[in-house]
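Hi everyone, thanks for making time. I'd like to walk you through a structure that's new to this group, so have a look at it while I talk.

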Amino acid sequence: MTTETAISPQLDGTLLTPGGLSAAEFEVLTQESAIKAKNLTNVIENNKGKYVVVISDNSPPFLKYEAWATIAAGYNTAASIADDAELLYDHDGTTIIGAKVHAVVHNIVTGTVTGGAIGYCMFAEKGWGNRTLNQIVSMAGTRAASKALRLMFSWVVVLAGYEPTPYDELDETIIEEMRNRTPAARREPSGNRAE
């Protein structure tokens, strides 16, 4: 007599073998992730404007940090700032030009660090020249956390039908370009031409 056990692949690596997931485990993971992606879509649809930013009719919606944190919660993970922000100085060594922050993704049950990323914010960026140092450091942290979550969960976000780049990683120049972009001209298939 055989007994079946539930397959429960974990993204934090605690139950994974060095060879990776078996085909059956991967199938379960992708099926569960598709359900979580659908749940994310429902949360976003029920909270218009709080989780996504639509830059223009010609670009896909971008998820705000809150949406990335929501999908991470579905995998018992969260992002946090790992260290104090590093202030960045100009070549003279006395003028602060921006901040660099390191964020990590960790399992909220075990505390195991499963990922991380660096984020920057600079006074020279469009729209940031008149901000306070606190705002620069805070945005660098948001960008680092968003990027860390993107590195782990972009595949789930794509399953949900959203752009895999967090809105917080876009600078004003990129946003402006997207707003000014015209739709690409449709190319008709050439088909079979009679010579």
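**Rings, charges and crossing helices**

Let's start with a charge and a ring: the charged end of arginine 131 sits over the ring of tryptophan 128, 4.2 Å from its centre. Before I go on, please keep in mind that this is a predicted model.

Okay, the overall layout. The protein chain has four helices and six strands. Reading from the N terminus, the order is α-β-β-α-β-β-β-β-α-α. There are 195 residues in the protein chain, and 30% of them count as buried. If you take the contacts between residues at least 6 apart in sequence, 54% of those join residues at least 24 apart.

Now the helix packing. Two packed helices are described by the angle between their axes and the distance between the axes. How do the axes of H1 and H3 cross? Helix H1, residues 23–46, and H3 have axes that come within 8 Å and cross at roughly 70°. So H1 is roughly perpendicular to H3. The crossing of H1 past H3 is right-handed. On the H1 side, the residues that meet H3 are Leu29, Ser33, Ala34, Ala37 and Leu40, and their partners in H3 are Trp155, Val156, Val157 and Leu159.

H1 also packs against H2. Here the axes come within 10 Å and cross at roughly 145°, and this crossing is right-handed too. Lys36, Leu40 and Ile44 of H1 make the contact with Ala67, Thr70 and Ile71 of H2. Notice that Leu40 turns up in the contact with H3 and again in the one with H2.

On to the aromatics. A pair of aromatic rings is described by the distance of the centres and the angle of the planes. How many aromatic pairs does a search of the whole structure find? The answer is two. One of them is tyrosine 75 with tryptophan 155, a tilted pair with 6.5 Å centre to centre and 55° between the planes. Tyrosine 75 lies in the loop between helix H2 (65–73) and strand E3 (77–81), while tryptophan 155 belongs to helix H3 (residues 133–159), so the pair ties together parts that are 80 residues apart in sequence. Zooming out a little, ring pairs link Tyr75, Phe153 and Trp155 into a cluster.

Are those two rings' residues buried or exposed? Tyrosine 75 is buried, at 11% relative accessible area, whereas tryptophan 155 is partly exposed, at 29%.

Tyrosine 75 has another partner as well: the charged end of lysine 36 sits over its ring, 3.9 Å from the centre. You've met Lys36 already, in the contact between H1 and H2.

Right after tyrosine 75 comes a small surprise. Most residues other than glycine have a negative phi, and most peptide bonds are trans. Asparagine 76, though, has a phi near 55°, a positive value in a residue other than glycine. You'll find asparagine 76 in the loop between H2 and E3, and it is partly exposed, with a relative accessible area of 36%.

Last stop: arginine 181, in the segment after helix H4 (172–180). Arginine 181 is partly exposed, with a relative accessible area of 43%. Which C-alpha distance is worth looking up here? The one to serine 56: the two residues are 125 residues apart along the chain, and their C-alpha atoms are separated by 8.6 Å.

That's my tour, thanks for listening.

Methods: Residues are numbered from 1 along each chain as its sequence is written. This is a predicted model: local features need pLDDT of at least 70, side-chain atom pairs count only at pLDDT 80 or more; totals for chains, interfaces and linings use all residues. Side-chain values use heavy atoms; hydrogens and water are left out. Rings of Phe, Tyr and Trp (its six-membered ring) pair if their centres lie within 6.5 Å; planes under 30 degrees apart count as stacked, over 60 as edge-to-face and the rest as tilted. Helices (H or I, at least four residues) and strands (E, at least two) are DSSP runs, numbered from the N terminus. Buried means under 20% relative accessible area, exposed over 50%, partly exposed in between (1.4 Å probe, protein chains only). A charge sits over a ring if NZ of Lys or CZ of Arg is within 6 Å of the ring centre and within 35 degrees of the ring normal. Axes are lines fitted to C-alpha atoms, for helices over the stretch in contact, and angles run from 0 to 180 degrees between N-to-C directions. Angles under 35 degrees count as roughly parallel, over 145 as roughly antiparallel, 65 to 115 as roughly perpendicular and the rest as oblique. A crossing is left-handed if the near helix is turned anticlockwise from the far one by less than a right angle, and right-handed if clockwise. Contact means heavy atoms within 4.5 Å.
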